[in-house]
Amino acid sequence: MDRARVRIYTDYKSPYAFVANKRLFELEEAHGVELEWLPYTLRIPEFMGTVEERTPHFWRKVRYSYMDARRHTNAQGLTMKGPRRIYDAFYSSAGMLFAQRHGLFRPYHDMVFRRFWSHDLEIDELSDISGVIASIGGSAEAFEAYVHGPARAEHDRIIDEAEALGVFGVPTMVFNGELFWGGDRIDMLIERITNPESIATALGSRRRR
């Protein structure tokens with residue numbers, strides 16, 4: 001029997017994607033699902049506005065969000081330091097796609113998340129991501145050729161497909177066409193996986209509204 005598949009959109013610069021990471025791998029182990037990881041590289045100015053446009057209310061929300069995410073990472077024994085600047089995560093997203101093709105996804109994924117949030121990796125520096133690839137047994141030269149070749153078109157196609165599904169943030173999980181945004185929706189996702197009848201119930205409830 002084919003395993004149920006859950007598609008996960010993530011971004012290495014998202015604190016809540018980092019927080020959800022452990023539970024998502026536990027989901028794979030506990031419920032026998034197949035996880036399909038794809039990048040959804042957040043464009044910060046698009047959903048947060050320019051720095052000049054941000055209000056005191058916005059900054060209070062940002063400070064709380066990082067504090068809240070840090071509580072979750074501390075509970076997992078992880079380190080989270082606030083980002084030092086605004087990052088373009090394209091190189092790290094391209095690294096994810098490259099690592100998947102070369103059987104290096106899990107060590108790459110774990111290392112990039114851990115080192116970025118420990119201030120030990122600049123995810124928008126090609127040399128840094130190439131260094132990660134090399135450190136786990138991949139070819140830095142092949143990765144850089146991929147970045148300068150088809151990576152951008154493939155990356156942008158994945159983003160366009162995600163947005164056509166309705167994705168707007170990370171982590172977003174997609175199961176049987178239904179979207180679940182945020183780590184606090186993992187329990188609801190588990191319910192859908194273990195109790196398929198709940199999908200019909202949910203859809204029926206929506207139609208009655």
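Begin by selecting helix 1, residues 15–31, in this predicted model: helix 1 lies across strand 1, strand 2 and strand 3 (172–175), and its direction runs at about 155 degrees to that of strand 2. Keep helix 1 in view and add helix 8, residues 151–165, which packs on the sheet and touches strand 1, strand 2 and strand 4, its direction making about 110 degrees with that of strand 1.

Now hide the helices and turn to the strands themselves. They form an open sheet of 4 strands in the order 2-1-3-4, and the pairing is mixed. The edges of this sheet are strand 2 (34–39) and strand 4 (178–181), each of which pairs on one side only. If you look along the sheet, neighbouring strands are turned by 25 degrees against each other on average, with direction ignored. Select next strand 1, residues 5–10, together with strand 2, since the display of this pair shows the parallel sense of pairing over 6 bridges. Within the pair, show the side chains of Ile8 and Trp37, where Ile8 stands opposite Trp37 of strand 2.

From the sheet, move to the aromatic residues, of which the structure holds 12 pairs. A pair to display is Tyr12 with Tyr108: the ring centres are 6.0 Å apart and the planes meet at 80 degrees, and because planes over 60 degrees apart count as edge-to-face, this pair falls in that class. Tyr12 belongs to the loop between strand 1 and helix 1 while Tyr108 belongs to helix 5, so the pair ties together parts that are 96 residues apart in sequence.

Bring back helix 1 and add helix 5 (105–117), for each of them supplies at least two residues of the lining of the second largest pocket. Which helix gives the largest share of that lining? It is helix 1, with 6 residues. The pocket has a volume of about 190 Å³, and to outline it you can select Phe18, Asn21, Lys22, Phe25, Glu26, Glu29, Gln76, Leu78, Arg106, Asp110, Phe113 and Arg114. Colouring this lining by class gives 4 nonpolar, 2 polar and 6 charged residues.

Two stops in the backbone remain. Follow the chain beyond helix 5 to His119, which is found in the loop between helix 5 and helix 6 (126–135); the phi angle of His119 is near 60 degrees, a positive value in a residue other than glycine. Finally, go to the loop between helix 8 and strand 3, where Pro171 is found, and select Val170 along with Pro171. What kind of peptide bond joins Val170 and Pro171? The bond is cis, with omega at about -10 degrees.

Note on methods. Residues numbered from 1 in each chain as written. Predicted model: local features only at pLDDT ≥ 70, side-chain atom pairs only at ≥ 80, totals over all residues. Heavy atoms only, no water. Pairing = 2+ DSSP bridges. Axes fitted to C-alpha atoms, helices over the stretch in contact; angles between N-to-C directions. Contact = heavy atoms within 4.5 Å. 1 Å grid on protein atoms, 1.4 Å probe; cavity = no way out; pocket = protein on both sides within 12 Å on 5 of 7 lines; lining within 4 Å. Points joined across faces, edges and corners; volume = space filled by probe spheres on them. Nonpolar A, V, L, I, M, F, W, Y, C, P; charged D, E, K, R; others polar. Phe/Tyr/Trp six-rings, centres within 6.5 Å; stacked < 30°, edge-to-face > 60°.
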